[in-house]
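Got your viewer ready? Here is a short tour, one selection at a time, with a note on what to look for at each stop.

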Amino acid sequence: MKDTEEAALAVLESTPNILRELLGRLPESIVAADLDRGWSPKRLLAHMVDVESPAFADRLHAIVEQDEPTLTSIDAMAQLDDMGWESMSIGALLGQLEREITDTCRWIVGLADAQLQRKARHDTAGELTASNLLHYWATHDIAHLRGVQRMLNSVIVHETAGISENMDV
């Protein structure tokens, strides 16, 4: 396994713990608040749970187990609304994400380098390998971790009484 593949796995494996530290003790009024055009920290977490399997784990399995499968786009937003993930508690969502990522990462660790280089064709992204998808998955999680941090900052910064613009720590 390449260093960058190991780094991608490390990101994936740490994502549930990072989210647990950021969101696990916050009141529902903050984690469920619309803080970014219809998005809340809880909705972002629900989205991550929702796409873990169909967008990432299932596709990785298909690439490794089938001969050059065709992968189709999913409507992640419609699927998120249909699945009702947001009705779950933050703790339940975090537990679900952790179980799914742990299982998938254990499977990925056992793959041979040749399996990570197996190819697929995505209907909009074109040709990609299992390794490409693994790296993309990690960047997807990083982007959403930044989104959660940005949302939480937008809540907290309002209580600084403007000192954040004038105070040099």
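First, a term for the opening stop: a salt bridge is a side-chain nitrogen of Lys or Arg within 4 Å of a carboxyl oxygen of Asp or Glu. By that rule, the structure holds 6 salt bridges. Before you click, note that this is a predicted model, where local features need pLDDT of at least 70, side-chain atom pairs count only at pLDDT 80 or more, and totals for chains, interfaces and linings use all residues. Residues are numbered from 1 along each chain as its sequence is written, and side-chain values use heavy atoms, with hydrogens and water left out.

**Stop 1: salt bridges**

Select K42 and E28. Their side chains meet in a salt bridge, 3.0 Å from N to O. The two come from distant parts of the chain, 14 residues apart: K42 belongs to helix α3 (residues 41-65) and E28 to helix α2 (residues 28-31). Helices here are DSSP runs of H or I with at least four residues, strands are runs of E with at least two, and both are numbered from the N terminus.

Are K42 and E28 buried or exposed? Some cut-offs help here: buried means under 20% relative accessible area, exposed means over 50%, and partly exposed is in between (1.4 Å probe, protein chains only). K42 counts as buried at 7%, while E28 is partly exposed at 41%.

Now pick D36 and R150. They form a salt bridge too, with the closest N and O atoms 3.0 Å apart. D36 sits in the loop between α2 and α3 and R150 in helix α7 (residues 130-156), so this pair ties together parts that are 114 residues apart in sequence. D36 is buried, with a relative accessible area of 18%.

Next, try K119 and E127, whose salt bridge has its closest N and O atoms 3.6 Å apart. K119 is partly exposed at 35%, and E127 is partly exposed at 46%. Then go back to D36 and add R37 and R150 to the selection: salt bridges that share partners join these residues into one network.

**Stop 2: aromatic rings**

How many aromatic pairs does a search of the whole structure find? It finds 2. Rings of Phe, Tyr and Trp (its six-membered ring) pair if their centres lie within 6.5 Å; planes under 30 degrees apart count as stacked, over 60 as edge-to-face and the rest as tilted.

Select F56 and Y136. Their ring centres are 6.1 Å apart and their planes stand at 40°, so the pair is tilted. F56 is in helix α3 and Y136 in helix α7, 80 residues apart. F56 counts as buried at 3% relative accessibility, whereas Y136 is partly exposed at 48%.

Keep F56 and swap Y136 for W137. This aromatic pair is stacked, at 5.2 Å centre to centre and 0° between the planes. F56 lies in α3 and W137 in α7, so the pair ties together parts 81 residues apart in sequence. W137 is buried, at 1% relative accessible area. Show F56, Y136 and W137 at once and you have one aromatic cluster.

While you're looking at rings, select W39 and R43. The charged end of R43 sits over the ring of W39, 5.1 Å from its centre (the rule: NZ of Lys or CZ of Arg within 6 Å of the ring centre and within 35 degrees of the ring normal).

**Stop 3: the sheet**

Switch to the cartoon view. You'll find an open sheet of 3 strands in the order β1-β2-β3, with mixed pairing. Two strands pair if DSSP finds at least two bridges between them. At the edges stand β1 (70-71) and β3 (126-129), each with a single partner strand, so one side of each is left without a neighbour in the sheet.

Zoom in on strand β2 (residues 119-122), which pairs with β3 in the antiparallel sense over 4 bridges. K119, met earlier, has T129 in β3 as its bridge partner, and A120 stands opposite L128. A hairpin joins β2 to β3 through 3 residues.

**Last stop: a surface spot**

Finally, select M167, in the segment after α8 (163-166). M167 is exposed, with a relative accessible area of 56%.
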